[in-house]
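Me: I have a structure open beside its sequence, and I would like to learn how to read it. Could you walk me through it?

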Amino acid sequence: MPFPIRVTWKNHDPSPAVTGFAHEQLKSLERYANDIVDCHVVIDSPNRHAGIARQFRVTVDLHLP
């Protein structure tokens, strides 16, 4: 059964390509746990300074019964 995936962006503009990629990758989790109730992904860009390579922190919260 498909489960809802919420993607939240912090400190960065949302990217439809990255959001779609996250959805594709997380859907593959169904083969390991088919009773996932909810999934929340937070994509954060903590360093927005000029001259620093762009780094992202990704947090995935899975809710199971």
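Reply: Gladly! Let's begin with the naming: helices and strands are DSSP runs, numbered from the N terminus. With that, Phe56 can be placed in the loop between strand 2 and strand 3 (57–63). Keep in mind that this is a predicted model.

Me: Thanks. Is Phe56 buried, partly exposed or exposed?

Reply: The cut-offs are what you need here: buried means under 20% relative accessible area, and exposed means over 50%. Phe56 has 42% relative accessibility, so it counts as partly exposed. Phe56 also joins Val58, Val60 and Leu62 in a nonpolar surface patch of about 330 Å².

Me: What about Ser45, is that residue buried or exposed?

Reply: Ser45 sits in the loop between strand 2 and strand 3. Ser45 counts as buried because its relative accessibility is 1%. Leaving out residues up to four places away in sequence, Ser45 touches Lys10, Asn11, His12, Arg54, Gln55 and Phe56.

Me: Asn11 is on that list. What is its phi angle like?

Reply: Asn11 has a phi near 60°, a positive value in a residue other than glycine. You will find Asn11 in the loop between strand 1 and helix 1 (16–27). With 47% relative accessibility, Asn11 is partly exposed.

Me: Now the interior. Which residues make up the largest nonpolar core?

Reply: The general idea is a set of buried nonpolar residues joined through side-chain atoms within 4.5 Å. Here the largest one has eight residues: Phe3, Ile5, Trp9, Leu26, Ile36, Cys39, Val41 and Ile43. Strand 1 (5–10) and strand 2 (38–44) each contribute at least two of them, and strand 2 gives the most, with three.

Me: What does Leu26 touch?

Reply: Setting aside neighbours within four places in sequence, Leu26 is in contact with Phe3, Ile5, Cys39, Val41 and Val60. Val60 belongs to strand 3, and its relative accessible area of 40% makes Val60 partly exposed. Beyond residues up to four places away in sequence, Val60 touches Leu26, Cys39, His40 and Val41.

Me: How many residues of strand 2 are buried?

Reply: Seven of its seven residues are buried. Both faces are covered, with Asp38, His40, Val42 and Asp44 on one side and Cys39, Val41 and Ile43 on the other.

Me: In which sense do strand 1 and strand 2 pair?

Reply: They pair in the parallel sense, over six bridges. One place to look is Arg6, which stands opposite His40 in strand 2.

Me: Let's finish with charges. How many salt bridges are found in the whole structure?

Reply: For a salt bridge, look for a side-chain nitrogen of Lys or Arg within 4 Å of a carboxyl oxygen of Asp or Glu. The search of the whole structure finds two. In one, the side chains of Asp38 and Arg6 meet at 2.9 Å, N to O. That pair links distant parts of the chain, with Asp38 in strand 2 and Arg6 in strand 1, 32 residues apart. Asp38 is buried, at 15% relative accessible area, while Arg6 is partly exposed, at 42%.

Me: And how far apart are the closest N and O atoms of Arg57 and Asp44?

Reply: They are 3.7 Å apart, and the two residues form a salt bridge. This pair also links distant parts of the chain: Arg57 is in strand 3 and Asp44 in strand 2, 13 residues apart. Arg57 is partly exposed, with a relative accessible area of 46%, whereas Asp44 is buried, at 14%.

Key:
Residues are numbered from 1 along each chain as its sequence is written. This is a predicted model: local features need pLDDT of at least 70, side-chain atom pairs count only at pLDDT 80 or more; totals for chains, interfaces and linings use all residues. Side-chain values use heavy atoms; hydrogens and water are left out. Buried means under 20% relative accessible area, exposed over 50%, partly exposed in between (1.4 Å probe, protein chains only). Helices (H or I, at least four residues) and strands (E, at least two) are DSSP runs, numbered from the N terminus. Contact means heavy atoms within 4.5 Å. Patches are made of residues with over 30% relative accessible area and no salt bridge: like charges are joined within 9 Å, nonpolar side chains (Val, Leu, Ile, Met, Phe, Trp, Tyr) within 5 Å. Accessible areas come from the Shrake-Rupley method with a 1.4 Å probe; for residues, only the protein chains shown count as cover. Two strands pair if DSSP finds at least two bridges between them.
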